[in-house]
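Work through the exercises below with the sequence and the model side by side, and try each task before reading its solution.

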Amino acid sequence: MNVIHISAECYPVAKVGGLADVVGALPIYQNKLGVSSTVIMPFYDNVFTQTHQFTTLYRGSLSIGSKKIPFSIVSLKKSELNFDLVLVDIPALLHTPYVYSADDTERFIAFQTATLDYIISQQELPTIIHCHDHHTGLIPFLMSHGKNYTALKEIPSILTIHNAQYQGWFDYEHLPLIPDFDRAKIGLLDWNSTINPLAAAIKTAWQVVTVSPSYMAELQVNANGLETLLQHEKQKCTGILNGIDTTVWNPATDQFLPKTFGINNVQSGKKANKKWLCKRYQLDPKKPLFVFIGRLVREKGADLFNDVFTQALTENDIAILLLGSGQSDIEDRIKELITPLKGTFNAHIGYDEQLSHVMYAGADFLLMPSRVEPCGLNQMYALRYGTVPVVHQIGGLKDTVIDISKNGVGFVHQQLTVSAICKTISRATKFYSETDKFKKNRILIMQIDHSWDSSAASYISLYNSLIH
Ligand code: ADP
């Protein structure tokens, strides 16, 4: 079985968030199970592409409206990633150091068109085409109704929704950018009088998957406008919980850590990483350390952080460290906290892969007060690194973190209010002071299996059900 994953992000080539981690791990685990998985993604101008050698597989030219744009398809010379990586190189649109920007409509329509042109040029067509998020949402539609792609009509297409908040909407002015299709089917592109690539994919993909079962249930009532569509398409929707790549995320071998550790030396290992963090960010290593790692957006509850941090630090003898970037107003407000809360709070505003690993390793608790969390990977990384998650009961967090009072492994608040989050932080702080219990729990949580093994197998069963 040959599966092609199509995505805007893939770790370690280009990462903005969890999408990259999933697309960089799922193919590895599928390959282990005997499926041949390839990832196709844009060729950005970044450290990865600047430091690797590629072989050209195909050259073509796209018509985007009235413009003719040359592109090439390249592959990684020596597969270092345990899966085949194919990059779509469109210098005029995709040679950027960033993944997303204001002109994404044109960029990602071009990416999808070049991808389909390449796939259809191949002698051997794939068994399955697996699309990820709205950036690839026109592909299932074009496979079914694109005039140039009729040979792909019988190939099952799958859409995984990693985040339904972002749908890639654009207005009808941009319609000429889309390759020629059966005009009778134009309604399939539409949702609320705009072209909506995510909605188009939900309507036309053979199967729709969300990254956790709870998120699938939540989308039926809250999907940023797509609720009724998801209710209507319910019979072809399913939730498969993401896994984590336990070779990349392994505290015993993690090259990013000042000190690696396993179950046998978890206490000293975590202590060394905490010391490194606390020294760098001028925090007291004797205090329980709570961290947040992620995008600074409303979805992650980041609009509440200033109030939460101020109140939690008044009520508890703790330290808080934040790593993130996102909305500039939220970033600015967080920066304003650093001086007044010096010694108990610090923040690194930006993206730093290495620091994130050390934070999972050195923290005592990970905060995830998400408003929306399709799956969430951070809580699974935290568990593997012996760090206790403190989470809002939503989406994938509901499926992976049960409260300690119910024989679970973390701390859960049902409501998303400053007072509910602070109460939960206080409960966690109290648990930290029960040293024996706290230390035992660390060993327990590190052993929970959140690897991709079972989820990769679930995806393969799904593929098989579509083929037969
Ligand atoms: P989302 O995809 O919604 O951002 P996930 O929990 O699915 O959230 O995945 C987040 C991933 O991005 C994790 O690997 C996390 O460690 C990483 N991450 C997020 N923000 C940063 C940052 N500022 N620096 C380093 N890694 C980050």
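**Exercise 1.** Determine which parts of the chain are tied together by the salt bridge between Asp303 and Arg371.

*Solution.* The starting point is the contact itself: the side chains of Asp303 and Arg371 form a salt bridge with an N to O distance of 2.8 Å, the term standing for a side-chain nitrogen of Lys or Arg within 4 Å of a carboxyl oxygen of Asp or Glu. Next, place both partners: Asp303 sits in the loop between strand S12 (289-296) and helix H10 (305-315), and Arg371 in the loop between strand S15 (365-368) and helix H13 (378-384), so the pair ties together parts that are 68 residues apart in sequence. Here helices (H or I, at least four residues) and strands (E, at least two) are DSSP runs numbered from the N terminus. Finally, consider accessibility, where buried means under 20% relative accessible area, exposed over 50% and partly exposed in between (1.4 Å probe, protein chains only). Asp303, at 24%, is partly exposed, and Arg371, at 22%, is partly exposed as well.

The model is predicted, and local features need pLDDT of at least 70, side-chain atom pairs count only at pLDDT 80 or more, and totals for chains, interfaces and linings use all residues. Residues are numbered from 1 along each chain as its sequence is written, and side-chain values use heavy atoms, with hydrogens and water left out.

**Exercise 2.** Classify the partners in the salt bridges Lys236 with Glu233 and Lys437 with Glu434 as buried, partly exposed or exposed.

*Solution.* Take Lys236 and Glu233 to begin with, whose side chains meet at 3.7 Å, N to O. Lys236 counts as buried because its relative accessibility is 11%, and Glu233 is buried with a relative accessible area of 11%. Turn then to Lys437 and Glu434, where the closest N and O atoms are 3.0 Å apart. Lys437 is exposed at 53% relative accessibility, whereas Glu434, with 25%, is partly exposed. Beyond these pairs, salt bridges that share partners join Lys15, Asp21 and Glu353 into one network, and a search of the whole structure gives 15 salt bridges.

**Exercise 3.** Decide how the radius of gyration of the protein chain stands against that of a compact globule.

*Solution.* The rule for a globule is 2.2 Å times the number of residues to the power 0.38, with the radius taken over C-alpha atoms. For 468 residues this leads to a value near 23 Å, and the protein chain has 23 Å, which agrees. As a further step, 60% of the 468 residues count as buried.
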